[in-house]
Amino acid sequence: MNYITLRLILGDQLNYQHHWYKKNNDDVLYVMMEVRQETDYVKHHIQKVLAFFASMRHFANHLSEKGHHVKYLSINDKDNLQSISDNINDLIQKHKIQKFEYQLPDEYRLDEQLHEFSGKLPIEFEAVDTDHFLTSRYTLSRFFKNRKKMIMESFYRQMRKDTGILMNNNKPEKEKWNFDTSNRKKWKGEVELPEWPVKTKNFSDIKKEIEASGITTFGNADADKVHWPTSRDEAFKILNQFCDKTLPYFGAYQDAMTEKSPILFHSMLSFALNTKMLHPLEVVKKVEKAYYENENVDIAQAEGFIRQIIGWREFMRGIYWKEMPDYANTNFFNHKRKLPSWYWNGKTKMNCLKHAIGQSLDTAYAHHIQRLMVTGNFALLAEINPDEVDQWYLGIYADAIEWVEITNTRGMSQYADGGIVGTKPYISSASYIHKMSDYCEGCYYKHSKKTGEKSCPFNTLYWHFLDHHRDKLEDNQRMRMMYNVWDKRKPEDKNKILEQARKYLDDIENL
Ligand SMILES: Cc1cc2nc3c(=O)[nH]c(=O)nc-3n(C[C@H](O)[C@H](O)[C@H](O)COP(=O)(O)OP(=O)(O)OC[C@H]3O[C@@H](n4cnc5c(N)ncnc54)[C@H](O)[C@@H]3O)c2cc1C
Ligand code: SF4
């Protein structure tokens, strides 16, 4: 059958409300594809591939049920040429297509590919918006045009004004923009932990197809550990459950970590948001409504959550489009060490890392503080090459799409961008991990010990990092206090600490 227009839908463009689908048109063929080009650019966690394929298949079925014409190329389909460009060329010829349309990709890599590919087509083409984000690709660049430093907080305040979320007559609700200081509690069992918001799923059929295709993945997909939403309805269930049960504790325990729960009071919404099954505005509006209607949701919880979505999420996207492609090669500290092999299997004596990595391998999920202050903190202190750190984060988390992964990893976590995203490196010794988690209790290492046998590696690597990078960091006002503390130490103490750190770094594989 011949169609006039071919419309491409990428795996992270599952926007059920996109303007394309408002009208049925028999002249339009939609194409979705599972291709090796996308499964193989980095080694992915098996659950990431499963969640994407399952959600894409559900979306294709949904469109077909609504009367749209959809060509779905599954991974082992005999017509699948395994690259986006080849498949599109093939369909253009087969169906005598006269116009090619695509939604603007969120990844620089795909944006370049589709732009170049379309430019060479002998037929008309058009790129349209994804109707997903609250800002355009270049809103942030314009906002910070004449400012020296891009501070998330000022962007966030503008976003609050623009969206009107938690605003009264152009003033912030409760007369304050940010309630972050109320959000610093350790979880000690006083509030019951929520269940996973999505019941476990059995994807064994798709798993068999992935295995048959020869795609290399890692991580576990045991039936009791797969919890990803694969439809808009399921994503909504997560959102509703979050607002009803978890939101009252979200902010308070946002930075807490415990062996007893991989999710604590986090929302688990990133996959649904990043695949566009949910729109950020509908998420924050629902949270705002819960704040006004549910007496258990106070401002610190609601504001803390809303800031992540209209603040950090949009900010990171703006940074990505402002800074790419150079951003992908940033390495401010010139770190060169290889990522220890235990990042891929969790076999380390450091309980915090064993737990955060083990959980990530089991569930393709870790919450923000585990990513930032455990796995990211260690990688930075151990001076790991940011390329390796990036590959790990991009592969292991189901929500990892480059625009939000790389800005968080290279920027917020590794400070490889030299301070574009953050104002200082996020580093800590064991004291922070001990303060915010129960990890240290069951650890082989002693969180209170600075040097010697069983001293916690974070305690010496922290000072080693500061000492090593003094030339790059000591002029940073926010680092001054740490250097003052270091400078007050006796030279023999400093030597002992640095020597212990070097020992640990030399033996990093066995920590
Ligand atoms: C090293 C590192 C790598 C990361 N990689 C990713 C990634 O690949 N994909 C991803 O979506 N997030 C990433 N993040 C941000 C954050 O950790 C995840 O969004 C969050 O853990 C997802 O879980 P959740 O939905 O339960 O989040 P919640 O804690 O419930 O937060 C709600 C939502 O806010 C948004 N959000 C929160 N923090 C951030 C942030 N820093 N940047 C952008 N959005 C944010 C997310 O959409 C999230 O779903 C990374 C953070 C770090 C430190
Ligand atoms: S003692 Fe150190 S390595 Fe062990 S859990 Fe605590 S911070 Fe992590």
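Trainee: In this predicted model, which residues come nearest to ligand 1?

Mentor: A ligand's surroundings are best read from its shell of neighbouring residues. Here 29 residues surround ligand 1, and H266, S267, M268, N274 and Y365 come nearest.

Trainee: Which polar side-chain atoms lie close enough to ligand 1 to be listed as contacts, and at what distances?

Mentor: One looks for pairs of N or O atoms within 3.5 Å. A polar side-chain atom of S267 is 2.7 Å from an oxygen atom of ligand 1, and a polar side-chain atom of Q308 is 3.4 Å from a nitrogen atom of ligand 1. The backbone also takes part: an N or O atom of the M268 backbone lies 2.7 Å from an oxygen atom of ligand 1.

Trainee: How much of the area of ligand 1 does the protein bury?

Mentor: The area of the ligand taken alone serves as the reference. For ligand 1 that area is 820 Å², of which the protein buries 99%.

Trainee: Where does ligand 1 lie with respect to the domains?

Mentor: One asks which domains give residues to the shell. Ligand 1 lies between domain 2 (139-323) and domain 3 (341-510), because both give residues to its shell. At the level of helices, at least two shell residues each come from helix 9 (270-274), helix 11 (299-323), helix 13 (368-381) and helix 15 (402-413).

Trainee: How many nonpolar, polar and charged residues does the shell around ligand 1 have?

Mentor: The shell around ligand 1 has 15 nonpolar, 10 polar and 4 charged residues. For ligand 2, the corresponding shell has 10 nonpolar and 2 polar residues, with no charged residues.

Trainee: Which residues are around ligand 2, and which cavity does its space form?

Mentor: Among the residues around ligand 2 are C352, C440, C443, H447 and C456. The space that ligand 2 takes is the second largest cavity. Helix 12 (351-363) and helix 16 (430-436) are the elements that give two or more residues to this shell.

Trainee: Which backbone angles deserve attention away from the ligands?

Mentor: One inspects omega and phi. The peptide bond from M324 to P325 is cis, with omega near 10°, and P325 is placed in the loop between helix 11 and helix 12. K96, a residue other than glycine, has a positive phi near 50°; its place is the loop between helix 3 (84-94) and strand 5 (99-103).

Definitions and conventions: Residues numbered from 1 in each chain as written. Chains lettered and ligands numbered in written order. Predicted model: local features only at pLDDT ≥ 70, side-chain atom pairs only at ≥ 80, totals over all residues. Heavy atoms only, no water. Near = heavy atom within 4 Å. Polar contact = N/O pair within 3.5 Å; in protein donor to acceptor, adjacent residues only side chain to side chain. Areas by Shrake-Rupley, 256 points an atom, 1.4 Å probe, with all protein chains shown as cover. Helix = DSSP H or I, 4+ residues; strand = E, 2+ residues; numbered from the N terminus. Nonpolar A, V, L, I, M, F, W, Y, C, P; charged D, E, K, R; others polar. Domains from an automatic or database assignment. 1 Å grid on protein atoms, 1.4 Å probe; cavity = no way out; pocket = protein on both sides within 12 Å on 5 of 7 lines; lining within 4 Å. Sits in = over half its atoms within 2 Å of the grid points.
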